[in-house]
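The following note is offered to a colleague who is meeting this structure for the first time. Please read the numbered points with the sequence and the model at hand.

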Amino acid sequence: MLSRQIRPLLSRASARPKTPQTFPTSLRSYAQAAAFQDTKPPVAVFGLDGTYATALYTAAAKTSSLDSTSKSLAALAEVFRKDTKLSGILTAPTLGPGDKSQIIQELQRHMGGVDKGDTVKNFLKTLSDNNRLGILQGVCEKFATLMGAARGELELTVTSAAKLDSRTLQRLEAAVAKSEYSQGKKLKLAPKVNPDIKGGLVVEIGDRTIDLSVSSKIAKMNKLLTDTL
């Protein structure tokens, strides 16, 4: 796992004296490349990771590298999916410039050489310079949302307390596709696992949410008891 390769960097970094760190305004400079063309993202995504994902989408559109950028981020998203400890390691405050440079090299290696014009490489450097490597996983997710919207896809997020088998997911996708919620669009399935929902499902289709989780039912029951007593 990538996190095992990076972990030794944390030990060495923690032993170094801490020095004040400055954060350049490279995010603005990075997005500036697309300022003179109509490269507006198809939908709005929110949060800090959404801001960076939007800047990356805009710059990639300007350089005609959306497809290769999408493939690169999809590869990184798969790394995060397989290595759940990686995101936590990237937020370590003890990482120095040299450590971050090595991390970027490792991340590039996992992208499989599809990064056209070094768009993602430069973006990773921007995240590193701004001490934001920790939001990379969120950026991958928000960028996928932007690309799905650009392709006319509707994201279908299914959250369960435990991992669902492929047959169950296919049945859920088919059921939603036949419903009015699909709006006649191609669905992009995004399964997630969150033990906190206790059981049941939370289904998100575009901007709609259907909460069938056990945790939601417990919350409603608690509210009912509180209001009654």
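1. The residue N131 comes after helix α7 and has a positive phi, near 55 degrees. The model is a predicted one, and this backbone angle should be read as part of that prediction. Helix α7 itself spans residues 119-129, and its buried residues are T119, V120, F123, L124, T126, L127 and S128.

2. One residue of α7 leads to the aromatic contacts, of which the structure holds two pairs. In the edge-to-face pair, the rings of Y52 and F123 lie 6.3 Å apart, centre to centre, with 70 degrees between their planes. This pair joins distant parts of the chain, since Y52 belongs to helix α3 (residues 47-62) and F123 to helix α7, 71 residues apart. Y52 is buried, its relative accessible area being 4%. F123 is likewise counted as buried, at 0% relative accessibility.

3. Why is the pair of Y57 and F143 described as tilted? The ring centres are 6.1 Å apart and the planes stand at 55 degrees, so the pair falls in the tilted class, the range from 30 to 60 degrees lying between stacked and edge-to-face. Here too distant parts of the chain are linked: Y57 is in helix α3 and F143 in helix α8 (residues 136-150), with their positions 86 residues apart. Y57 and F143 are both buried.

4. F143 also appears in the largest nonpolar core, which has 32 residues. The residues with the most contacts inside this core are L66, L73, L76, L124, L127, L136 and F143. At least two core residues come from each of the helices α3, α4 (66-82), α5 (86-90), α6 (97-110), α7 and α8. With neighbours within four places in sequence left aside, L136 is in contact with L76, F80, L107, L124 and L127. There is also a second, separate core of nine residues, and L156, L169, V176 and L201 are among them.

5. The strands deserve a separate point. Four of them form an open sheet in the order β2-β1-β3-β4, and the pairing is mixed. Strands β2 (186-193) and β4 (208-213) are at the edges with a single partner strand each, so one side of each has no neighbour in the sheet. From one strand to the next, the twist averages 15 degrees.

6. Within this sheet, β3 (residues 200-205) and β4 are paired in the antiparallel sense over six bridges. E204 stands opposite T209, a residue of β4. Helix α10 (residues 214-228) packs on the sheet, where it touches β3 and β4. The direction of α10 makes about 80 degrees with that of β4.

7. What pattern does the protein chain follow along the sequence? It reads α-α-α-α-α-α-α-α-β-α-β-β-β-α, with ten helices and four strands in the chain.

8. Some overall values complete the account. Of the 229 residues in the protein chain, 37% are buried. Among contacts with a separation of 6 or more, 76% are between residues 24 or more positions apart. The accessible surface of the chain comes to about 13,600 Å², and carbon and sulfur atoms account for 54% of this surface.

Technical notes: Residues numbered from 1 in each chain as written. Predicted model: local features only at pLDDT ≥ 70, side-chain atom pairs only at ≥ 80, totals over all residues. Heavy atoms only, no water. Buried < 20%, exposed > 50% of the residue type's maximum accessible area, 1.4 Å probe, protein only. Contact = heavy atoms within 4.5 Å. Areas by Shrake-Rupley, 256 points an atom, 1.4 Å probe, with all protein chains shown as cover. Phe/Tyr/Trp six-rings, centres within 6.5 Å; stacked < 30°, edge-to-face > 60°. Pairing = 2+ DSSP bridges. Axes fitted to C-alpha atoms, helices over the stretch in contact; angles between N-to-C directions. Core = buried A, V, L, I, M, F, W, Y, C linked by side-chain atoms within 4.5 Å.
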